[in-house]
Amino acid sequence: MVGVSRYSSSMGISTVELETERLTLRQARADDAAAIQSYRSLPEVSKFQSWTTFDAADATRLVDDQSDLAIDTPNFWYQLVLVAKVSRSVIGDLALHFREDDHRQVEVGINLAPTEQGNGLAAEALQCVLNYLFGELGKHRVLAITDAANENAAALFRRVGFRQEGHFLDHVLFKGSYGSEYLFALLAREWQTSASETSGR
Ligand SMILES: CC(C)(COP(=O)(O)OP(=O)(O)OC[C@H]1O[C@@H](n2cnc3c(N)ncnc32)[C@H](O)[C@@H]1OP(=O)(O)O)[C@@H](O)C(=O)NCCC(=O)NCCS
């Protein structure tokens, strides 16, 4: 599924660029703002996310927050954008939250432009990021929280090997009413087992 995953850093350890067969993943920068806004502002993308509207100022704030932010900085969301190799367009984003209380645990979240969904691109990007987090950064556990009604997101995390650890019923106020969420997680040892099973096939 994943093709090539290549890691390279520039400016010392501060940035990272990852490659899959169809995508380049790199830190969001100022000239990505318009592309990010174009899909994040769509109701299909915002439906299960914290925002309802996503305007130009929101997009600018998102990319500005990334300037000079080093990957693996505790208590920050590091925002990668997914760039399609063929079109060279930004078609999605994948965020990594490096936890402050336990630096070997990382939360992930992902958005893909609706026109690009249904092609395995989110799974391809996530698999590559997992290889990086476990393989290069030596992380212990990666987790994701999804709205329990967000079937595409749950399917994605299951597809790449996450376990469902929790189902919280009506526990969070979300857009005016109580919502339910799933907690997904993947441990380094589970990732290693699945990687060796795949390579042994
Ligand atoms: C969550 C989200 C990123 C999933 O995107 P996605 O494109 O469905 O995910 P995948 O990359 O795993 O693609 C899976 C689909 O591609 C299909 N597919 C086509 N070619 C494929 C390939 N080469 N490899 C794998 N899957 C492929 C699969 O069959 C599957 O289709 P299905 O949904 O009809 O069963 C997307 O729905 C999204 O951006 N939602 C809005 C934002 C959001 O809610 N994010 C979640 C927050 S955590």
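**Shell around the ligand**

I began with the ligand in this predicted model, and I noted that strand 6, helix 4 (121-136), strand 7 (141-147) and helix 5 (151-159) each give at least two residues to the shell around the ligand. The shell holds 22 residues, and those that come nearest are Gln-117, Gly-120, Ala-122, Ala-123 and Asn-152. When I sorted the shell by class, I found 11 nonpolar, 10 polar and one charged residues.

**Helix 5**

Since helix 5 supplies part of that shell, I looked next at which of its residues are buried, and I listed Ala-153, Leu-156 and Phe-157. Seen down the axis of helix 5, these buried residues fall within an arc of 90°, so they line one face of the helix. I recalled the general rule that an α-helix has 3.6 residues a turn, so residues three or four places apart point the same way. The packing partners of the buried residues of helix 5 are helix 4, strand 7 and strand 9 (177-187). Just after helix 5 I came to Gly-161, which takes a positive phi of about 110°.

**Strand 7: Ile-145 and Asp-147**

Strand 7 also contributes to the shell around the ligand, and I picked out two of its residues. Ile-145 is in strand 7, and it counts as partly exposed because it has 17 C-beta neighbours inside 10 Å, where buried would need 20 or more. Not counting residues up to four places away in sequence, Ile-145 touches Glu-181 and Leu-183. I also noted the separation between the C-alpha atoms of Ile-145 and Gly-166, which is 9.3 Å for residues that are 21 apart along the chain.

Asp-147 is found in strand 7 too, and with 18 C-beta neighbours inside 10 Å I entered Asp-147 as partly exposed. Its contacts, again leaving out residues up to four places away in sequence, are Phe-48, Gly-179 and Glu-181. For Asp-147 and Gly-179 I wrote down a C-alpha to C-alpha distance of 7.3 Å, although they are 32 residues apart in sequence. Glu-181 therefore appears in my entries as a contact of Ile-145 and as a contact of Asp-147.

**Nonpolar core and helix 4**

I then turned to the largest nonpolar core, which has 48 residues, and those with the most contacts inside it are Leu-25, Leu-82, Leu-94, Ala-125, Leu-126, Val-129 and Leu-130. Helix 4 gives the largest share of this core, with 10 residues. I followed Val-129 further, and leaving aside its neighbours within four places in sequence, I found Val-129 in contact with Leu-18, Leu-25, Leu-94 and Val-108.

**Helix 1**

In helix 1 (residues 33-40) I marked Ala-33, Ile-36, Tyr-39 and Arg-40 as buried. They cover an arc of only 145° around the axis, which puts them on the same side of helix 1. These buried residues pack against helix 2 (43-46), helix 3 (56-64), strand 5 (90-98) and strand 6 (105-112). Strand 6 had already come up in my entry on the shell around the ligand.

**Positive phi outside glycine**

I looked up two residues that have a positive phi although they are not glycines. Arg-88 has a phi of about 60° and is found in the loop between strand 4 (76-84) and strand 5. With 8 C-beta neighbours inside 10 Å, Arg-88 counts as exposed. Asp-170 has a phi of about 40°, but it lies within strand 8 (residues 163-174). Asp-170 is likewise exposed, with 12 other C-beta atoms within 10 Å, and I noted that this value still qualifies because the cut-off for exposed is 12 or fewer.

**The protein as a whole**

I closed with the overall figures, starting from six helices and nine strands. The C-alpha trace spans about 45 × 40 × 35 Å along its principal axes. For 201 residues, a compact globule would have a radius of gyration near 17 Å, and the protein has 16 Å, which agrees. Buried residues make up 30% of the 201 residues. Among contacts between residues at least 6 apart in sequence, I noted that 56% join residues at least 24 apart.

Key: Residues are numbered from 1 along each chain as its sequence is written. This is a predicted model: local features need pLDDT of at least 70, side-chain atom pairs count only at pLDDT 80 or more; totals for chains, interfaces and linings use all residues. Helices (H or I, at least four residues) and strands (E, at least two) are DSSP runs, numbered from the N terminus. The arc is that of the directions from the helix axis to the C-beta atoms. Two residues are in contact if their C-beta atoms, placed from the backbone, lie within 7 Å. A residue is near a molecule or strand if its C-beta atom, placed from the backbone, lies within 6 Å of it. Ala, Val, Leu, Ile, Met, Phe, Trp, Tyr, Cys and Pro count as nonpolar, Asp, Glu, Lys and Arg as charged, and the others, Gly among them, as polar. The radius of gyration is taken over C-alpha atoms; the globule rule is 2.2 Å times the number of residues to the power 0.38. A nonpolar core is a set of buried Ala, Val, Leu, Ile, Met, Phe, Trp, Tyr and Cys residues joined through C-beta atoms within 7 Å.
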